[in-house]
Every structure is written in structure tokens, then in C-alpha cells.
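Visitor: I have a model open and would like to go through it piece by piece. Can we start with a loop and work inward from there?

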Amino acid sequence: MAIWVVYESLWGNTAAIARAIAEGLGEEAIAVSTADTDPAEAASIRALIAGAPVHGMSLPTSESLAAAAAKKVDEAHLAPRTDAPLMRDWLAGLPELAIPATAFDTRVRGPLGRGSSTAIIRAQAAKGCSLLAQPKSFRVDFRNAGPTEADLLKDGELAKARAWGAQLATVLNAAAA
Ligand SMILES: Cc1cc2nc3c(=O)[nH]c(=O)nc-3n(C[C@H](O)[C@H](O)[C@H](O)COP(=O)(O)O)c2cc1C
């Protein structure tokens with residue numbers, strides 16, 4: 001049975017974290033955009049890990065996507081992806097799900113504000129999911145801005161994501177044993 005690491009990501013940073021978490025989780029896991037997976041099909045998966053950037057201290061909205069799209073784009077700054085379904089809408093489309101789940105987000109600031117991950121685990125719980133592990137935040141730094149997709153991530157964040165994925169696999173495998 002598959003483990004989904006589903007992400008919303010405008011510039012690819014949350015997507016890169018999702019791929020690193022999936023690597024840490026192992027072969028069963030796939031990292032996939034909200035654009036490329038149907039929440040209705042989650043009924044057959046083993047676990048769900050969902051992640052999104054923090055916008056205005058919570059999940060992105062159509063207004064925050066419009067604000068991001070209005071930012072000036074030049075050679076050093078990629079245009080944001082704003083055509084994928086919002087994570088909040090994707091989560092609303094989940095069926096009732098009695099599986100383990102958790103969340104992650106990417107943000108500039110540390111623990112200030114509740115962030116996207118808290119909103120995600122609340123939505124997962126409302127669908128019947130159990131909490132697999134406390135949610136996790138990963139940090140970006142705008143001083144890193146450049147043309148490659150995950151260039152805003154602070155040093156060490158991908159390794160941290162891989163390690164977190166491996167921890168999640170340990171918890172899942174212990175529960176299955
Ligand atoms: C409209 C908007 C609002 C944001 N609000 C916050 C915020 O409240 N707190 C924060 O730490 N980062 C904030 N950020 C920074 C995002 O978290 C950052 O762009 C994101 O982690 C990059 O991930 P992505 O490449 O996957 O989109 C905001 C970004 C945008 C575009």
C-alpha cells in the first residue's frame with residue numbers, strides 16, 4: 001500500500017522537502033503535487049503526509065496565490081506555480097480516512113504563528129485520521145533567492161526532511177509489527 005507525501009508548492013521548495021521526506025520513508029512513498037493526485041483515491045493508501053508553504057501564518061488561499069503571482073519576476077526569480085489545487089481544497093476532498101497522517105510546512109520564520117502544518121493536521125483529524133507524528137516545519141531564507149527550484153531552503157533542511165521521513169517509517173513499521 002502506498003504512502004502519499006502530497007504537497008502544494010509555488011516555487012518548488014515545499015516540493016523538494018516532500019521528495020526528501022518520501023526518500024526517507026522508502027520505496028512505498030511517493031511525493032506528489034495536489035495537481036497530480038485525486039484526494040478521492042486516498043481511501044486505499046497506508047498513510048498520508050501533507051505539506052504546504054505558510055502564507056499569512058496559515059495555509060495558502062486564492063488571495064495569497066494572487067499576491068504571489070503579482071510579484072515581479074525577473075531572471076533571478078521564478079514565476080510561482082499558482083494553477084495547482086490549494087491544499088485546503090485538496091484536504092476538503094478527502095473521504096473519511098482511518099489512517100495515520102501528519103503534516104509539514106515551509107516558512108521563513110520559526111515557531112511564530114501556527115502555520116500550515118497545524119491547519120493540515122486539523123483537517124486530517126476531521127476526516128478521521130490518527131496523528132502519526134507531530135508536524136514539522138522547514139525553513140526558507142529569501143537571501144538564497146536564485147533560479148533553481150529549491151534554492152530558498154536553508155542549508156541542511158533537505159537532510160532534516162530525509163531524516164524525518166525515516167523516523168516516520170520507523171513509527172509506521174512499529175505500528176504494523
Ligand atoms: C503571499 C505570501 C505570504 C507569506 N506569508 C508567510 C508567513 O506568514 N510566514 C512565513 O514564515 N513565511 C511566509 N511566506 C513565505 C513562504 O512560506 C515561502 O514563500 C515558502 O515557504 C516557499 O515555498 P514554495 O517554494 O514551496 O512555495 C509567504 C509567502 C507568500 C508568497
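Visitor: Is Met57 buried or exposed?

Guide: Met57 is exposed, because its relative accessible area is 54%, and the cut-off for that label is over 50%. Bear in mind that this is a predicted model.

Visitor: Where does Met57 lie?

Guide: In the loop between E3 and H2.

Visitor: What is phi of Met57 near?

Guide: Near 70 degrees, a positive value in a residue that is not glycine. Most residues other than glycine have a negative phi.

Visitor: Let's step back into E3. How many of its residues are buried?

Guide: 7 of its 7 residues, which run from 47 to 53, so the strand is mostly covered.

Visitor: Which residues are on each side of E3?

Guide: Ala47, Ile49, Gly51 and Pro53 are on one side, and Leu48, Ala50 and Ala52 are on the other. Both faces are covered, with all of these residues buried.

Visitor: What does E3 pair with?

Guide: E1, residues 3–7, pairs with E3 in the parallel sense over 5 bridges. E4, residues 100–107, also pairs with E3 in the parallel sense, over 6 bridges.

Visitor: Which residues stand opposite each other there?

Guide: On the E1 side, Tyr7 stands opposite Gly51 of E3. On the E4 side, Pro53 stands opposite Thr106.

Visitor: And E2, what does that strand pair with?

Guide: E2, residues 29–33, pairs with E1 in the parallel sense over 5 bridges. Val6 stands opposite Val32 of E2. The chain gets from E1 to E2 through H1, and this β-α-β crossover is right-handed.

Visitor: Back to E4. Is Thr102 buried or exposed?

Guide: Thr102 lies in E4, and Thr102 counts as buried because its relative accessibility is 0%.

Visitor: What does Thr102 touch?

Guide: Not counting residues up to four places away in sequence, Thr102 touches Leu48, Ile49 and Ala50, among others. Its contacts also include Ile121, Gln124, Leu131, Leu132, Trp164 and Leu168.

Visitor: How far apart are Thr102 and Phe142?

Guide: Their C-alpha atoms are 27 Å apart in space, and the two residues are 40 apart in sequence.

Visitor: What about the loop ahead of E4, is Ala98 buried or exposed?

Guide: Ala98 has a place in the loop between H3, residues 87–92, and E4. With a relative accessible area of 78%, Ala98 is exposed. From Ala98 to Pro60 the C-alpha distance is 26 Å, for 38 residues of sequence separation.

Visitor: Now the pockets. How much space lies in the largest pocket?

Guide: About 510 Å³.

Visitor: What lines the largest pocket?

Guide: There are 26 lining residues, and Val54, His55, Arg107, Val108 and Phe142 lie nearest the centre. By class, the lining has 12 nonpolar, 10 polar and 4 charged residues.

Visitor: Which helices and strands supply the lining?

Guide: H1 (13–25), H2 (62–69) and E4 each supply at least two residues. H2 gives the largest share, with 3 residues.

Visitor: Last topic, H5. Is Glu157 buried or exposed?

Guide: Glu157 lies in H5, residues 157–176. At 7% relative accessibility Glu157 counts as buried, because buried means under 20%. Leaving aside neighbours within four places in sequence, Glu157 is in contact with Ile17, Ser137, Phe138 and Arg139.

Visitor: And Gly165, what does that residue touch?

Guide: Gly165 is also found in H5. Apart from residues up to four places away in sequence, Gly165 touches Ile21, Gly24 and Leu25. Gly165 counts as buried, at 0% relative accessibility. The C-alpha atoms of Gly165 and Met1 are separated by 17 Å, although the residues are 164 apart along the chain.

Visitor: Why does Ala174 count as exposed?

Guide: Because its relative accessible area is 54%. Ala174 lies in H5 too. The C-alpha atoms of Ala174 and Ala29 are separated by 17 Å, with the two positions 145 residues apart along the chain as the sequence offset.

Terms used
Residues numbered from 1 in each chain as written. Predicted model: local features only at pLDDT ≥ 70, side-chain atom pairs only at ≥ 80, totals over all residues. Heavy atoms only, no water. Buried < 20%, exposed > 50% of the residue type's maximum accessible area, 1.4 Å probe, protein only. Helix = DSSP H or I, 4+ residues; strand = E, 2+ residues; numbered from the N terminus. Pairing = 2+ DSSP bridges. Contact = heavy atoms within 4.5 Å. 1 Å grid on protein atoms, 1.4 Å probe; cavity = no way out; pocket = protein on both sides within 12 Å on 5 of 7 lines; lining within 4 Å. Points joined across faces, edges and corners; volume = space filled by probe spheres on them. Nonpolar A, V, L, I, M, F, W, Y, C, P; charged D, E, K, R; others polar. Right-handed = clockwise from strand over helix to strand, strands pointing away.
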